[in-house]
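Thank you all for making time this morning. I would like to walk you through one structure, going slowly enough that nobody needs to have seen it before.

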Amino acid sequence: MRHIISILLENEPGALSRVIGLFAQRGYNIETLTVAPTEDKTLSRLTMTTYGDDRKIEQITKQLNKLIEVVKLVDLSEGPHIERELMLIKVKALGAQRAEIKRTADIFRGQIVDVSASVYTIQLTGTTDKLEAFIEAIGTGCVLETVRTGVSGISRGEKILSL
Amino acid sequence: MELLSGGEMLVRALHESGVEYIYGYPGGSLLHVYDALYKQSAVKHVLVRHEQAAAHMADGYARATGKPGVVMVTSGPGATNTITGIATAYTDSIPMVVISGQVMSYLVGDDAFQETDMLGLSRPIVKHSFAVRRPEDIPEIVAKAFHIASTGRPGPVVIDIPKDMTMPNERYEYAYPQKVKLRSYTPPQRGHSGQIKKAVELMLAAKRPIIYAGGGVILDRSSDKLRALVDRLNFPCTNTLMGLGSYPGTAERFLGMLGMHGTYEANMAMHHADVVIAIGARFDDRVTNATSKFCPDAKIIHIDIDPSSISKTIVADVPIVGPVGNVLDEMVALLDESKETPDAEAIAAWWKQINEWRPRHAMRYEKNDNGLMKPQEVIEAMWTATKGDAYVTSDVGQHQMFAAQYYKFDKPNRWINSGGLGTMGFGFPAAMGIKMNFPEEMVVCVTGEGSIQMNIQELSTCLQYGIPVKILCLNNGSLGMVRQWQDMNYEGRHSHSYMESLPDFIKLVEAYGHVGMRVETRDQLPQALEDTFGKYNGRLVFLDVAVDPEEHVYPMQVPAGSMRDMWLSKTERT
């Protein structure tokens, strides 16, 4: 099962490499990873998606919690949550294709953020599934380049991850 | 407030952290620190001959005393040489602080002379690490390092210090923190009382219980509490390799070590148990054999300070995260309060069954009649000669297992070996670290001719500081455990398992100013042992003892089998 693990991490040099190193060392897989400082400059917020059965995820969270820099950790997929990923996608857009791509982007609430004679660059946010669906909808044939941020996530409602 | 240089602050902070000995080796990036060391006498420094040995000495010191061992090495090769020692300490959860010099901070990343990324290299094998970025942070970093190394599940901590953080003419206000605060690090102080209650209920209801105690009992200095629990319940007790001595090796309720080279009765009792009480033990594969066949009928109670150890390989029915000693105290208190008592009839029947297994006497060997000794009898003779009271270190291999099996450890912290990582070259320097702290005690390194050569240069350090450890080398002229596996699994093809061109160890140790004795036959051993601990009491003695190279370590579990699938001898299988 896919899990979204959200971590408050000390914002210190080397902290991220400890998290990454742990996954490499113990043979866990990181599907996506996003990280940036929070409103509290001493903390970074890190979101990672990974796959595993309950036992493996339990082991991953326990091992992460052992790292001195990990201040707090939550598995977002255990409760209701919101997840988003940002994608910039560059597609071939020629002739009649141009209108079709624009329409599809609108349907997915994407924005064309750069235009040239033969290329559109589209910005799209949504769940991983939605981004996949968009690529499928416009057809992989016209995709020139994609860049994705990986999942960012937050709990719904009152529940917050903070100190 | 006092103004000190970074180098002086480091030495002062080490002193304030309770450091008596530093094991180390100087070099360019640490020279300011070494100069600061020179100008004081509170912290003593021991100059080793190889940095790996420094780490093992600090490790041996830590295992015997319970206090963090301290290593100090220069950047680059000095730092990389400690990696094996750090990994050894990490695997066995030993408190250690390693201070590595680093090139000038403005050179970091430029591939400067003797530069290496020590933090990166050591990351997977440390509990935590620090890079010093401002000299004024040094006291706080040192205090944090000692706090992290010695609390919770102990482990090694690295402090990497660029040379310009220790400049002698740049001075800062020195203040050692009264209290260490880390918002993200709060090791558990006690186990969950609900879980402890559940565990006690399970223990009281047990018909075929067994207590399986590991190194965590020794690390938490809780042997007395373990003994109180075992004796009160009249349950059988087995130890892991790391737990030996946590329950007296000569006690009636002790079944011997369990696992790969454990006793028949310990492994049988584990296999047939209905309740297993794992205390400070982590279900290592050398204990469980095939996890799918492990203890098929048992409910598992698991006490460990480290939550990630629980249900890692064997799922616990009653997990208890907390310090072993505290949890044991609470268990005994609950037993005191409880109106229930263990099922005396069932426990008596269980003991009857165990006592029927015992006469299989898996720990046995036949003496040669040509006078060439078996390694087992050498260990037994050493046990007799030292009255079972020595600190015994070992390296890794057959000699290690023979020492674990035949030296009956009655006290904790006396059996010092690299259980988790299995490091050859560990025993001798570890013995040195112990002897320096306990000069009145007998400290014996049981080793082999293969292992001792991995850190034999420390004979020189022993000469310099007068460290009279005893080295008992079970010399079978081959890498015994490798050879044994080749005998059993590779039709006796001894691929690179024999040690050609062995030195004359006697001449070698004499060249270093010590005493060497060669023992060829059984009748020479008692006198040699007597001289070792009597006549040459204050000297380092190297006993080079010829033993039968054909001997195997038995019992031995059949790979991928259950606990009870064992070879009891070359020809007898359970």
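**Where the two chains meet**

Let me begin with a single pair, in which Arg183(B) makes a salt bridge with Glu10(A), and the closest N and O atoms of the two are 2.8 Å apart. Please keep in mind throughout that what you see is a predicted model. Across the interface of chain B and chain A the rule finds two salt bridges, and the count of residue pairs in polar contact between these chains, both residues being at pLDDT 80 or more, is 14. If we sort the residues on the side of chain B that touches chain A by class, we find nine nonpolar, six polar and seven charged ones.

How many residues does each chain bring to the contact? Chain B gives 22 residues, and chain A gives 21 residues. As background, the size of an interface is often given as the accessible area lost when the parts come together. Here chain B and chain A bury about 1700 Å² between them, with 45% of that area on carbon and sulfur atoms. Which three residues supply more of the area that chain B buries against chain A than any other three? They are Arg123(B), Arg183(B) and Ser184(B), which together supply 36% of it, and you will recognise Arg183(B) as the partner of Glu10(A) in the salt bridge I started with.

Now let us turn to chain A on its own. Its C-alpha atoms fill a box of roughly 55 × 35 × 30 Å, taken along the principal axes, and the chain has four helices and nine strands. Read from the N terminus on, the elements of chain A follow the order β-α-β-β-α-β-β-α-β-β-α-β-β. The UniProt record, which is an unreviewed entry, places a feature called "domain: ACT" at residues 4–78 of chain A; this span is 33% helix and 37% strand, and its end C-alpha atoms lie 9 Å apart.

Within chain A there is another salt bridge to look at, between the side chains of Glu58(A) and Lys62(A), at 2.9 Å from N to O. Why are these two separated by about one helical turn? The reason is that Glu58(A) and Lys62(A) are four residues apart in helix α2, residues 54–66 of chain A. Over all chains, a search of the whole structure finds 40 salt bridges.

The search for aromatic pairs, again over all chains of the whole structure, finds 12. One of these joins Phe108(A) and Phe134(A) in an edge-to-face arrangement, at 5.2 Å centre to centre and with 75° between the planes. This pair links distant parts of the chain, since Phe108(A) sits in the loop between α3 (96–107) and β6 (111–115), whereas Phe134(A) belongs to helix α4 (residues 128–138), 26 residues apart.

Chain B has three annotated spans that I want to mention, each taken from an unreviewed UniProt entry.

- "Domain: Thiamine pyrophosphate enzyme N-terminal TPP-binding" is listed at residues 5–118 of chain B, a span that is 42% helix and 19% strand, with end C-alpha atoms 23 Å apart.
- "Domain: Thiamine pyrophosphate enzyme central" is listed at residues 196–330 of chain B, where the chain is 34% helix and 20% strand and the end C-alpha atoms are 7 Å apart.
- "Domain: Thiamine pyrophosphate enzyme TPP-binding" is listed at residues 395–544 of chain B, where the chain is 35% helix and 15% strand and the end C-alpha atoms are 15 Å apart.

I will finish with two details of the backbone of chain B. Gln114(B), found in the loop between β5 (96–102) and α6 (118–122), has a positive phi of about 55° although it is not a glycine. The peptide bond from Tyr554(B) to Pro555(B) is cis, with omega near -5°, and Pro555(B) has its place in the loop between β20 (541–546) and β21 (556–557).

Technical notes
Residues numbered from 1 in each chain as written. Chains lettered and ligands numbered in written order. Predicted model: local features only at pLDDT ≥ 70, side-chain atom pairs only at ≥ 80, totals over all residues. Heavy atoms only, no water. UniProt positions renumbered as here; feature names shortened; annotations may be inferred. Contact = heavy atoms within 4.5 Å. Buried area = accessible area lost by both parts, 1.4 Å probe. Salt bridge = Lys/Arg side-chain N within 4 Å of Asp/Glu carboxyl O. Polar contact = N/O pair within 3.5 Å; in protein donor to acceptor, adjacent residues only side chain to side chain. Nonpolar A, V, L, I, M, F, W, Y, C, P; charged D, E, K, R; others polar. Phe/Tyr/Trp six-rings, centres within 6.5 Å; stacked < 30°, edge-to-face > 60°.
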